[in-house]
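User: I'm new to this one and would like a walk through its contacts. Could you take a look with me?

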Amino acid sequence: MSRRERTWWLVGGVVIVFYCLFPIAWIASLSFKAPADIANGSFLPTTFSGENYATILTGSASDLFLPALRNSFGICLIATAISCLLAMFAAYAIARLDFPGKKLILSTALAVAIFPVISIVTPLFNVWRQIGLYDTWPGLIIPYLSLTLPISIWTMSAFFREIPWEMEQAAQVDGATTWQAFRKVIVPLAAPGVFTTAIIAFFIAWNDFVYGISLTSTSASRPVPAALGLFSGASQFEDPTGAIAAAALIVTVPVVLLVLLFQRRIVAGLTNGAVKG
Amino acid sequence: MSTTTLPPTEKTQPVSAPKGKISDRSRAERKLGWLLAGPAFLVMLSVTAYPILQAVYDSLFSYRLTDPANRSFTGLTNYWVILTDQLWWTAIGVTVFITVVTVAVELVLGFGLALVMTKALSSIRPVIRAAILIPYAVITVVSAFAWQFAFDINTGFVNSWFAWLPGVGADTDWFGDTWTSLLVICLAEIWKTTPFISLLLLAGLAQVPEVLQEAAKVDGASWWQRMWKVTIPNMKAAIMVAVLFRTLDAFRVFDTIFVMTAGANNTESVSFLAYRQTIARLEIGLGSAVSVLLFLAVVLIAVVFIKGFKVDLAGTRGDS
């Protein structure tokens, strides 16, 4: 590559980084603006203020934000754990065993993944009200499985195919049963794939808005995105912009850190499942 | 999607193998296979097949939650009401517009991103890859707020930064008109989902054999010619998968619209229409009918892609 060409690709890289970070930088800047500063028409605050963080963490909006944060963490972790457990067994079977219906399971996962979420919400809204699951944790965990389980099955089967299965056979030759070979040999080899799948599944659950806003009504189970969407200030005279920005940054930073730490694996997980690499 | 869910045909056993033993073992393997994969399969079916069947059933009734006593069977009336209503066709128009614009822009932009990632020096590649994952990891609602606040007449900076553009001034209300609202909605969607497309395309780019590129170069093909005649045809599968997934995803657009306009100024998508009928107006019957129609639209898109463009999902997604 010539020097000129290389410079252009470098410029392209810088533009991409800027493009990706700009809206986050904007939300961060907004979250540090004092209420009087919100409408200053410029990107940066004139003076940095922690007022918005005080509002959502200890102030008037904390009883909206903090329960939502707890709900989101709890519900997403449980949904991720359940779908990873189910997907682990399914992906093992798909990658390892020869049985009819393999393709049926993968196609079903695909169909579920492209299923319009709102079509599930409408009937669930009615049924959940009748059987008392409306506005509860299980009432969200169950539909969240429709988001997390298909991607978990796909991603994990892709990871599991890369595992050197001869090692399992070697263990079986040494007298281990199928189950022992799975637990003692395969689980340690499969752990990175499971972990990556869990991160991706957690992202998807964490990002949900449709279920969160439709199947909850109070802070008993309302997750963060829904709480943000409905957040309209403590009183009608208070502009919620700053508080929303602060809350948005708080829920974004941990996820972004997770991404930065495990970027290589996440990219592998996202693309392995989608395109044969 | 029924066409993709056909079970694979049985593999023929090697003739020389001792019969009794193999079939015993393979029977045990089948049993174990379904034992392990069965629970996941059942859960997937029960969280989607059951609700959609329930929605089909509910859609045949005139049923308001506020007036449950007057629930009555009305057959296909709900569908007739929807399909003859301007609201539905506006929602379809908005949804198709957002889908076509975002997928087209994302494909071009995502391809550019993927190219830069393959060409960039290895020292800055991890930085780009990390940056590219950030929009993917940001909650859609947060991204919607970021873009909304940026364009908002009070809180935004866009009006003062771009005042030099014709038609933009301090009092430009981006959310006061259908087209400008849709523009900002599309911008937010594009920002958020381009990384996903670019990662899929990057994986596709990696599959283009280097030998072909070299051969074309030797034959004197220009950069453009190599791009159109070698690179793109060789990664067609990856492109189609990326487009199919993003199309179906974009067709469900909801979060950004909810945050930015709440459907004001004719910016309601089909998902939003279904939400408003069911959750806000408690019209279970009508809302279910909208949901069923949306589901059918998604199935139709998937079938057109898989049959018409011959996207082999099982093949590209790697079923051994």
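User: Let's begin with one residue: what does A:Ala248 touch, leaving out residues up to four places away in sequence?

Analyst: Keeping in mind that this is a predicted model, A:Ala248 touches A:Ile27 and A:Leu228 in chain A, together with B:Val142 and B:Phe145 in chain B.

User: And which residues have the most contacts inside the largest nonpolar core?

Analyst: A:Ala248 is one of them, alongside A:Ala87, A:Ala90, A:Ala91 and B:Ala40, in a core that has 174 residues. Helix 3 of chain A, residues 62-96, gives this core its largest share, which is 15 residues.

User: Switching topic, how many residues of chain B are in contact with chain A?

Analyst: There are 94 residues of chain B in contact with 95 residues of chain A. On the chain B side, the largest share comes from helix 1, residues 19-58, with 21 residues, and by class that side has 63 nonpolar, 20 polar and 11 charged residues.

User: At what angle do helix 5 of chain A and helix 12 of chain B pack?

Analyst: Helix 5 of chain A (residues 117-131) and helix 12 of chain B (residues 270-280) pack at about 5 degrees, with their axes 10 Å apart. Because angles under 35 degrees count as roughly parallel, helix 5 of chain A is roughly parallel to helix 12 of chain B.

User: Which residues meet there?

Analyst: From helix 5 of chain A come A:Ile118, A:Thr122 and A:Phe125, and they meet B:Ser271, B:Ala274, B:Tyr275, B:Thr278 and B:Ile279 in helix 12 of chain B. By class, this contact has five nonpolar and three polar residues, with no charged residues.

Notes. Residues are numbered from 1 along each chain as its sequence is written. Chains are lettered from A and ligands numbered from 1 in the order in which they are written. This is a predicted model: local features need pLDDT of at least 70, side-chain atom pairs count only at pLDDT 80 or more; totals for chains, interfaces and linings use all residues. A nonpolar core is a set of buried Ala, Val, Leu, Ile, Met, Phe, Trp, Tyr and Cys residues joined through C-beta atoms within 7 Å. A residue is buried if 20 or more other C-beta atoms lie within 10 Å of its own, exposed if 12 or fewer, and partly exposed in between; C-beta atoms are placed from the backbone. Helices (H or I, at least four residues) and strands (E, at least two) are DSSP runs, numbered from the N terminus. Two residues are in contact if their C-beta atoms, placed from the backbone, lie within 7 Å. Axes are lines fitted to C-alpha atoms, for helices over the stretch in contact, and angles run from 0 to 180 degrees between N-to-C directions. Angles under 35 degrees count as roughly parallel, over 145 as roughly antiparallel, 65 to 115 as roughly perpendicular and the rest as oblique. Ala, Val, Leu, Ile, Met, Phe, Trp, Tyr, Cys and Pro count as nonpolar, Asp, Glu, Lys and Arg as charged, and the others, Gly among them, as polar.
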